[in-house]
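Colleague: Could you take me through one part of this model in some detail? I would like to hear about the aromatic rings and how they pair up.

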Amino acid sequence: MLVVRPAGPADLDHLLELAILSGPGFTSLPEDPDQLAERLDLSRDSFAGKLEPQHRWYTLMLEETETGDVDGIGSVKAAVGLNRPFFSFRVVTNTQSSPSLGIKLEQKTLVLVNECTGWTEVGSLFLKADRRKGGAGRLLSQSRYMLIGAEPELFADTVLAELRGVFTPDGACPFWDHVAHKFFPMEFDEADRMTGSTDKQFILDLAPRHPIYIDLLPEPARAVIGKVHPQGVPAMALLESEGFRPNGLVDIFDAGPTVTCDRDNIRTVRDARSLTVAVAAEVEAELPALISTGAVGGFRSVRQRAHIEGDAVTLTIEAADTLRVRAGDTVRVKT
């Protein structure tokens with residue numbers, strides 16, 4: 001059975017493997033054991049409630065219970081931009097006209113902004129290639145919203161997700177090569193690493209202080225602004241199915257899009273119900289349901305068959321054991 005459960009320090013080898021597999025541009029998964037170890041400590045302390053709510057970063061692992069294999073990762077960062085700025089480019093449309101000539105022009109520009117302070121971020125969604133079919137990605141993605149819905153007061157009213165921008169098959173990033181690299185004379189990987197491990201002062205020091213006119217950029221750069229990496233297309237579809245939409249912000253290094261949704265309007269947050277557990281050896285149900293524990297502490301999530309009647313849900317013994325719940329406990333269920 002697949003279960004989504006909290007990540008902790010014992011997951012370092014699993015997390016490093018996933019970071020290596022994720023490839024370039026995945027800022028939240030650096031190939032740096034020290035950074036990853038810090039993140040896992042932060043996840044442990046977040047789930048344990050040892051940190052102030054706004055400083056928590058919950059990391060989730062997708063595990064096969066029979067083998068112990070860890071095949072995916074997702075996360076929820078309670079608030080971004082508090083300790084370090086959260087920079088983006090906003091795509092701004094400027095209208096210019098000349099009445100005497102009868103000419104009206106619309107010019108799009110990129111403007112450096114820091115607009116998302118305090119928002120919750122869902123991210124780090126990555127699965128091994130052989131797990132990208134059969135619903136594992138949807139389970140992992142939706143589990144992040146089940147976590148938010150378990151105790152919504154711990155999270156911001158607005159939730160965002162950043163998607164990785166376009167890279168070519170040989171690892172080149174058109175927007176970085178033609179635009180960002182002109183302001184940050186270093187390798188993409190170095191800039192990416194510094195974004196996750198420093199206070200981002202280098203961005204304030206070096207980023208453009210004036211709007212960048214998109215029409216003046218080379219075509220390969222223009223073509224990828226706001227576009228998603230091919231591997232991120234399924235993740236984008238999952239986000240859209242939950243109600244997320246682009247908000248006009250793109251990443252300053254690869255131009256990948258940012259999408260947002262009001263917390264309480266995320267479909268899984270809105271539609272999941274709190275139900276009382278009953279346990280049986282067998283359960284009759286036409287379709288499996290998304291089921292999670294009812295609190296952030298000790299959070300676990302599965303997709304299994306469950307019988308719902310009124311305010312009660314009957315789970316199989318295996319599902320209840322995997323969730324670590326007993327009869328009479330409360331779980332959240334989305335059908």
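Colleague: Are F188 and F253 buried or exposed?

Modeller: Happy to take a look with you, and please keep in mind that this is a predicted model. Both residues are buried: F188 is, and so is F253. Their rings form an edge-to-face aromatic pair, with 6.4 Å from centre to centre and 75° between the planes. This pair links distant parts of the chain, since F188 belongs to helix α5 (residues 188–197) while F253 sits in the loop between β9 and β10 (257–262), 65 residues apart. The two rings also have company: ring pairs join F188 and F253 with F167, W176, F184 and F202 in a cluster.

Looking at the model as a whole, the count comes to 10 aromatic pairs. Another of these is formed by Y145 and F244, and it is tilted, with 5.9 Å centre to centre and 35° between the planes. The tilted label applies because 35° falls between the 30 degrees below which planes count as stacked and the 60 above which they count as edge-to-face. Y145 lies in helix α3 (residues 136–150) and F244 in the loop between α8 (233–242) and β9 (245–250), so this pair ties together parts that are 99 residues apart in sequence. Here too both partners are buried, Y145 as well as F244. To recap for your notes, F188 with F253 is edge-to-face, whereas Y145 with F244 is tilted.

Terms used. Residues numbered from 1 in each chain as written. Predicted model: local features only at pLDDT ≥ 70, side-chain atom pairs only at ≥ 80, totals over all residues. Heavy atoms only, no water. Phe/Tyr/Trp six-rings, centres within 6.5 Å; stacked < 30°, edge-to-face > 60°. Helix = DSSP H or I, 4+ residues; strand = E, 2+ residues; numbered from the N terminus. Buried < 20%, exposed > 50% of the residue type's maximum accessible area, 1.4 Å probe, protein only.
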